Amino acid sequence: MKNKGIIVFLTVVVTGLCLYYLSFTLVSNSVQDKATTYATDETGNIDFDKRQSYLDSVWREPVYNFLGIPFTYQEVKNTELGLGLDLQGGMHVTLEVSPIEIVKGLSGGSKDQEFNQAVEKASERAKTENDLFVNIFYQAWQEEAGDRQLNTIFATAANRGRISLESSDTDILNILDDEIENAIDRSFNILRTRIDRFGTSQPNIQRIQNTGRIQIELPGVDNAERVRSLLQGVAKLQFWEVAEIDQFGDALQQINSFLVEEATSQQSQASASGDETDALSDTTDLESDLARQLAEGGSDTDSLGNEVSPLFSLLKANYGLVYEVRDTMTINRVFKREDVQALLPRDIRFMWSVKPQVQDDMELLELHAIKAPRGTDQAPLEGDVITDARQSLDQTSRPAVSMQMNAEGARNWRRLTAENIGNRIAVVLDDYVYTAPTVQGEIPSGQSEITGNFTMEEAKDLANILKSGTLPAPTNIVEEAIVGPTLGVEARNQGINSMIAGLVLVVLFMVAYYSKGGLVAIAALLFNIFFILGILAQLGAALTLPGIAGIVLTIGMSIDANVLIFERIKEELRNGAGILQAISSGYDKAFSAILDSNVTTFLTGAILYALGQGPVKGFAIVLMIGIASSFFSAVFITRVIVYWMSKKGEKSSLSFATPFTRNLLSNLNIDFLGKRKVAYLISTSIIIIGMILALTSGLKFGVDFTGGRYYIVEFNEPVPASELKVGLDNEFGGSVEVKTYGANNILKVTTSYLVNEDNEEANREVESRIKEGIATVTGFNFIEDANQMSEGAFAITGSNKVGATVADDIKNSSMEAMFFSLVAIFLYILLRFRKWQFSLASIVALIHDSMFVVAAFAIASAFGATFEIDQVFIAAMLTVIGYSINDTVIVFDRIRENIENRGTGKLVKMFNDAINQTMGRTLITSATTLIVVLVLLIFGGEVLRGFSFALLIGVLVGTYSSIYIATPVVVDLMKRELAKEPETPNPKKKVA
């Protein structure tokens, strides 16, 4: 075998990398187990806030040592294979977009006293009133300004053309309302873009309608600091000139002398009173710190023996103002004092570096002196001139960020750099210095590079924030919680255990059918799954439920590739070839079919990743990785193994069949095409029946698509989320989502019942049914006051109406992605098979399969088996499309081979022969996939049942359509060529 050494080398390298990256997952799980143990009380309740505190405490501590290289928990978490919110949990955050800054901005920063008093009053009232902020502001304005018109405030030069002195209050209020609504929309889009680029899979973001709030769930994220920074960051990028020490050094000396004198005075007073402790208790924290430092000696004098304050004694470097992170609070207290600020030049402000540097086991931060007149935030150059930003590498291959400015920014940047040659310019984001490089020369263009002490991830985060643009208004976190998995621990364990059981059954089936060859296929399957998980870990992605759908599909494709090869080898053996020749010919002849089926599915994945969002993107990532790894493992790794096992040549004991399966499904001669009209009738009838039921009875759409109300329910003891979901589904007819909310005795219940009714009566009815449903399922009694919690009681501690979990634009982009994937499949098949009939037939079969699954859901619902149409259903449908096109391409590839070998005569016979020749592969691949799906359906738990049912129907109908829909449609589209054929041969005659 050629290139065996290269394949072995690549396998070893990839395996080593996967082991390395997956080891971080094991370490992370170990740390989280310790955190859970730490946060579990004697009764078994888990305090998730306490658990998070433990994890935050070790966030920057080394927890893993690999070959002498220490890794902190932060680095471990950034490298591990995480689980999505639907499998593991994550952070739940509700953000509120502040309209106050929008109103102030439209006024041009008016200093009008009545206006600012009205804004302040409206801000306070908005905290308790549910009315729109514009209405609250206008009421406050009338109270403060009487009959005065708003145009006296908003008729500015910036608003020329929209607001004039003739504009009425109503016109201005409408403009304010539109601007606030547009700002919320822009914030939503910016946040969604940031989240998509954040590195997590399947982010969940929605607008809560009729409010300025945006609700976000991030899977696998439990570092609150980073999430808050990312979501609330205004991305206010500024470029400031840095003051050199000679410009403020004298002021620092004066401040030092002042603080030393003050602290000495405090110490003297304490000594004179004979009660130092009492005296110190009357001083400020800063004075106490100073007095203690001077009293301790040692670190309170400089090299000349002069007494110094902490401002100098805490310095940790011979250059600049560098302090330990733990001392920054003390330094901040110094510079916040008004008497200290009075000693500083009026054009000097101080800003900390954003990231500490580690030196001699100390975390150090530099304090930068910025040339910025007090009372103004206007920098010499603002970040809104940036048109593009991306992570790059500088000349020393260190992480950096490249920026491109617009024309105005380029002109100002050129002037600013020309005036500061030899000096430093600080790149400041939200008052933190990211870097302060020295200007080497004038920068004539707008193309620049931000350098600093970045990691790759930090550079990526900064570029993403800059590229997303400046938020149109500040966002404040008004709700935050750590969310438990939607599936629940029980459902997740059921899903994993059932998939393992399914894989065991697949192993037994493959060995029973292919003997030792089956062991080779299983080895390829294990390699494939291992590579998928390892590569996901390398990419820092999270495994979600749609990701599991992708793995299920790639498992089927991995087995399918080996089934194709083994069936080809069996054909060669039946034709009299020797074992080595049969192996060589089998791999060579199966290669084109395997390549085509993988390419078509990979194209689907690539387009879904490019255009899809949320669960669609998560599915696409796993699908593309799985296709690449399954192709490599099934085609190349197994070939090395098979050649090694057959190294004895004809005396080798390697076999690809048992006595029972040696000739099973061979020499079939079924006239499938002769029954195509019956198949058309059956398919059309089932789809029509399903669609009628869907239109009359309706499909059960999940809360993901319909929105609904949520209630925070607190119990006096833990309640499994999955059990409550099943019970409430019966109460509301489905569309209920239950998840852990902060602790396992607090649940968040979401329902789409009466979602279109936005009135108090509907709210009361839904809440009443929620209470009744919970009482019925759990046997607990409802109480009004959660503080009076007793045994067997529950209380509703909060509620709200929410918009759709998946926003309309995400759903639309998913549909666009599916459409363009079908177009790509059409074009690829046209390119490979040279006939448009093959392409069109493939698309017809895929549409048929999708409609068949929807019809099956409607029919099942009519018989009392209700399954939701939700995000999980989308993942299942994408899996069905990938599986079906894989089946279809295999048959088409054999048709192409038959045409090449026999010419163009008797096309119908060749089409029938192709179906018969691939029947063994078709049925065996379907059987192995169905084993996994069927076990998942029966034992996978209620939450996964709809997902499994869609896959079950999809696999069955995908197999059926490749035989009775796709190939017959090609025949019907090629009637002109078929008209020249002789009569269809007798199906009872043996096909050569």
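Below is a short chat about a predicted model.

Colleague: What are the ground rules here?
Modeller: Residues are numbered from 1 along each chain as its sequence is written. This is a predicted model, where local features need pLDDT of at least 70, side-chain atom pairs count only at pLDDT 80 or more, and totals for chains, interfaces and linings use all residues, while side-chain values use heavy atoms, leaving out hydrogens and water.

Colleague: What is the mean pLDDT of the protein chain?
Modeller: The mean is 76, and 77% of the residues reach 70 or more. pLDDT is the predictor's confidence in each residue, from 0 to 100.

Colleague: Where does pLDDT stay under 50?
Modeller: Residues 275–299 are one such stretch, and residues 468–472 are another. Where pLDDT is low, the predicted coordinates should not be read in detail.

Colleague: New topic. How many aromatic pairs are there?
Modeller: The structure holds 33. Rings of Phe, Tyr and Trp (its six-membered ring) pair if their centres lie within 6.5 Å; planes under 30 degrees apart count as stacked, over 60 as edge-to-face and the rest as tilted. One of the pairs is Y38 with Y54, tilted, at 5.3 Å centre to centre and 40° between the planes.

Colleague: Are Y38 and Y54 buried or exposed?
Modeller: Y38 is partly exposed, at 44% relative accessible area, and Y54 is partly exposed too, at 22%. Buried means under 20% relative accessible area, exposed over 50%, partly exposed in between (1.4 Å probe, protein chains only).

Colleague: And which residue has its charged end over the ring of F833?
Modeller: That is R896, 4.4 Å from the ring centre. The rule is NZ of Lys or CZ of Arg within 6 Å of the ring centre and within 35 degrees of the ring normal.

Terms used. Contact means heavy atoms within 4.5 Å.
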